[in-house]
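Open the structure in your viewer and keep the selection tool at hand. The stops below say what to select next and what is there.

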Amino acid sequence: MSLAGKRVLLIISGGIAAYKALELIRLLTKADCGVTCVLTKAGAQFVTPLSLQALSGAKIYTDLFSLTDESEMGHIELSRAADLVVVVPASADILAKMAAGLADDLATTLLLATDKQVLVVPAMNVRMWEHAATQANLATLTKRGVAIVPPDEGPMACGEFGPGRLAEPPVILAAIARMLGAGGPLAAKHALVTSGPTHEPIDPVRYLGNRSSGKQGHAIAAALAALGAKVTLVSGPVSIPDPLGVSVVHVETALEMLAAVQEALPADVAVCAAAVADWRVETLAAHKIKKTGSAPPALTLTENPDILRIISMPGPRRPKLVVGFAAETENLYIHAAAKRQRKGCDWIIANNVGGTGIMGGDSNEVTLINHAGEEIWPIMDKHEVAQKLAALIAQEVA
Ligand code: C5P
């Protein structure tokens, strides 16, 4: 992705997430985007002007009343020279000042004086985020046309859990790129994702199923869309909402999932996160099976098609990158690496579902296995796993 010729005015306000602004500057400069940084007094408690200057390669502005700064480039000029004003992280305090129209330092004066589009990326403690005042301030800002990349949910530096973590830098970059008229790193790419369980009917009221919640697959679909991809999500029966900005095909059985996947191909990348039932009942009973005689009924099972293996078959419709999942309860690497070979996919995301709470839970501990070997990721929130995976996919297929 190239943002050559574009300039972002990056305001860094106070918060532990300010260190992630450094990674964002690196990504922006890598995309040839010019970055001018304004550091608030509170922001300077978390990152130094020196590290910002080293990464952006430009002067850092911190003080509204510096005569030298004003004579070199007035604060109005700073905003004129930018194509977009971005606040990362946006603290509860700076959001409140923006909503109230306060201008008591360089950052807030710029935000009041600018006629450019503004993007805020909040990060704060979960209760500050959920406070009615913060939500009212955000609603005011949204009404005024300020764009927001909402915070992620997960464990936070303050030791609490919930929404409030700064969005990952590649996601912020994609939002910036979209606002600057460029697509994200996956713009013009089609991603196909399968998610959730399948339900294999036994009779009109019963089915065979599994504990998959669809949380991981849905988060991956959302993360790929956030990087600019056109995403088709083929989802089994789940009780979570459809992700925004993704086209969702709802299916019930493995056979329906295969048909929907074949309909959605071709794709540049396929991620098979669904927990597809390995077997279905051979003959579906037309009516509810009754508890008649003493012996329970015997179900004859037949094998379901392996969707991942079918997608991975060589041919003109094979996606450039096929990613499978392997839920294992023992010998994780050996079993998952063998699965990668057997199915013919490029990457396998292996996870140990031996512990309680992984399947259907909010966090995941995974190992990425590809031709180069294995990479063990620390235990993370499923949204975080999705964003890390989407960023790697972008590097591979973009
Ligand atoms: O064989 P196993 O079910 O452990 O393999 C898991 C991987 O294969 C997952 O990526 C899953 O989505 C995919 N799969 C599939 N179709 C099946 C069974 C598994 O796509 N019938």
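Start with Ala4, which sits in the segment before strand S1. The model is a predicted one. Leaving out residues up to four places away in sequence, Ala4 touches Ala31 and Asp32. Now add Met179 to the selection: 175 residues separate Ala4 and Met179 along the chain, and their C-alpha atoms are 14 Å apart.

Next, select the six strands S3, S2, S1, S4, S5 and S6. In that order they form an open sheet with parallel pairing. Its edge strands are S3 (60–61) and S6 (147–148), each of which pairs on one side only. Within this sheet, look at S1 and S4, which are parallel and joined over four bridges. Select Val8 to see one pairing: its bridge partner in S4 is Leu84. Then show helix H2, residues 49–56, which lies across S1, S2 and S3 and runs at about 170° to S2.

Which residues of the largest nonpolar core touch the most other members? Select Leu3, Leu10, Ile12, Val88 and Ile176; the core has 37 residues in total. Two or more of its residues come from each of these elements: strand S1 (7–12), helix H1 (19–30), strand S2 (34–39), strand S4 (84–90), strand S5 (117–122) and helix H9 (169–179). H9 gives the largest share, six residues.

Stay with Leu10 and display its surroundings. Apart from neighbours within four places in sequence, Leu10 is in contact with Ala21, Leu24, Ile25, Val35, Thr36, Cys37, Val38, Val86 and Val88. A second core, separate from the one just visited, has 34 residues, including Ile220, Val246, Leu368 and Trp377.

Now move to the other sheet on this tour. Select S13, S12, S9, S14, S17, S18, S20 and S21, which in this order make an open sheet of eight strands with mixed pairing. Strands S13 (247–250) and S21 (373–376) are the edges, and each pairs on one side only. From one strand to the next, the twist averages 15°.

At the S21 edge, select strand S20, residues 366–370, together with S21: the two are antiparallel and pair over four bridges. Ile369 has Glu374 in S21 as its bridge partner. Add helix H14, residues 382–397, which packs on the sheet and touches strand S14 (269–272), S17, S18, S20 and S21. The direction of H14 makes about 165° with that of S18. Helix H13, residues 332–343, lies across strand S17 (321–328), strand S18 (347–352), S20 and S21, and runs at about 150° to S18.

For a smaller selection, take strand S10 (residues 200–203) and strand S11 (residues 206–208). They run antiparallel and are joined by three bridges. The hairpin between S10 and S11 passes through two residues. Select Pro201 and find Tyr207 of S11 opposite.

The last stop is the largest pocket, with a volume of about 1,200 Å³. Which of its 45 lining residues lie nearest its centre? Select Ala274, Ala275, Val276, Phe325 and Ala327 to find them. At least two residues of the lining come from each of strand S9 (190–195), helix H10 (215–226), strand S16 (301–303), helix H12 (307–312), S17 and H13.

Notes:
Residues are numbered from 1 along each chain as its sequence is written. This is a predicted model: local features need pLDDT of at least 70, side-chain atom pairs count only at pLDDT 80 or more; totals for chains, interfaces and linings use all residues. Side-chain values use heavy atoms; hydrogens and water are left out. Two strands pair if DSSP finds at least two bridges between them. Axes are lines fitted to C-alpha atoms, for helices over the stretch in contact, and angles run from 0 to 180 degrees between N-to-C directions. Contact means heavy atoms within 4.5 Å. A nonpolar core is a set of buried Ala, Val, Leu, Ile, Met, Phe, Trp, Tyr and Cys residues joined through side-chain atoms within 4.5 Å. Buried means under 20% relative accessible area, exposed over 50%, partly exposed in between (1.4 Å probe, protein chains only). On a 1 Å grid over the protein atoms alone, a cavity is a set of points where a 1.4 Å probe fits but cannot get out, and a pocket is an open set with protein on both sides within 12 Å along at least five of seven lines; lining residues have an atom within 4 Å of a point. Grid points are joined across faces, edges and corners, and a volume is the space filled by probe spheres set on the points.
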